Amino acid sequence: MTNEPRPAGVTPPVAVVFASVVFIALSIASLGVASLVLDADVIPVRGLGAVPGVIGQVAALGSFAGALFWGLRAVPPSFLTAVPCAIAAYVGEIVGVVIGALVSGADLARGVAAAGSVAVGFAGPVVAAVGLLAALFGVLLARARTSGPRWKWEDDDDAP
């Protein structure tokens, strides 16, 4: 780490919030579009309901946000921070699906089968790719050396 002051731009917590919103929105949209295009269920194990998918997305979001917040501690943060964020989102989704299956009343075998289908199917790589993209966005926000937008009347100049 260097002793450079942090640029007057987006602070790391704000960058994590914006990147997390981008992650969850893109993740849900990408999974929906991929499911539609491939004509396949995101979680093909029958009888589990929506709970494993929801808890999987919440766990992926939490893992992603935690990894990104950890990565944005560096001054300036590296774009390589996106790789652990993608891995964290992928693992969070898989673990969340198992926990969600157990919460919904399914047995452990069905939960592991659902998580395995997410891990090796299209859903896991989609979540990882979205995690990578959203983390790059978060790092870009934290590295931006900009100030907030200003209107003309906010300037200190009295010139017309």
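Reader: How much area does the protein chain expose, and what share do carbon and sulfur atoms supply?

Author: The protein chain exposes about 9,100 Å² (Shrake-Rupley method, 1.4 Å probe; for residues, only the protein chains shown count as cover). Carbon and sulfur atoms supply 71% of that area. This is a predicted model, where local features need pLDDT of at least 70 and side-chain atom pairs pLDDT 80 or more, while totals for chains, interfaces and linings use all residues. Residues are numbered from 1 along each chain as its sequence is written, and side-chain values use heavy atoms, without hydrogens or water.

Reader: What secondary structure does the protein chain have?

Author: Read it as DSSP runs, numbered from the N terminus: helices are H or I, at least four residues; strands are E, at least two. Here there are five helices and zero strands. From the N terminus the order is α-α-α-α-α.

Reader: What percentage of the 160 residues is buried?

Author: Buried residues (under 20% relative accessible area) make up 36% of the 160 residues in the protein chain.

Reader: Which residues form the nonpolar patch on the surface?

Author: A nonpolar patch joins Val, Leu, Ile, Met, Phe, Trp or Tyr side chains within 5 Å, each residue with over 30% relative accessible area and no salt bridge. Here the members are Val51, Phe79, Leu80, Val83, Ile87, Val91, Val95, Ile99, Val103, Leu132, Leu136 and Leu140. Together they have about 1,000 Å² of accessible area.

Reader: Which elements give two or more residues to the nonpolar patch?

Author: They are α3 (82–103) and α5 (123–143). Helix α3 gives the most, with six residues. Take Val95, which sits in α3. Its relative accessible area is 43%, so Val95 is partly exposed (from 20% to 50%).

Reader: How many salt bridges does a search of the whole structure find?

Author: Look for a side-chain nitrogen of Lys or Arg within 4 Å of a carboxyl oxygen of Asp or Glu. The search finds one salt bridge. Asp41 pairs with Arg46, and their closest N and O atoms are 2.7 Å apart.

Reader: Are Asp41 and Arg46 buried or exposed?

Author: Asp41 is partly exposed, because its relative accessibility is 36%. Arg46 has a relative accessible area of 61%, so Arg46 is exposed (over 50%).

Reader: Which residues line the largest pocket?

Author: A pocket is an open set of points on a 1 Å grid where a 1.4 Å probe fits, with protein on both sides within 12 Å along at least five of seven lines; lining residues have an atom within 4 Å of a point. The largest pocket is lined by Ile28, Leu31, Gly32, Asp41, Val42, Ile43, Gly49, Ala50, Gly53, Val54, Gln57 and Glu93. Helices α1 (12–38) and α2 (51–71) are the elements that give two or more residues to this lining.

Conventions. Patch = residues over 30% accessible without salt bridge, like charges linked within 9 Å, V, L, I, M, F, W, Y side chains within 5 Å. Buried < 20%, exposed > 50% of the residue type's maximum accessible area, 1.4 Å probe, protein only.
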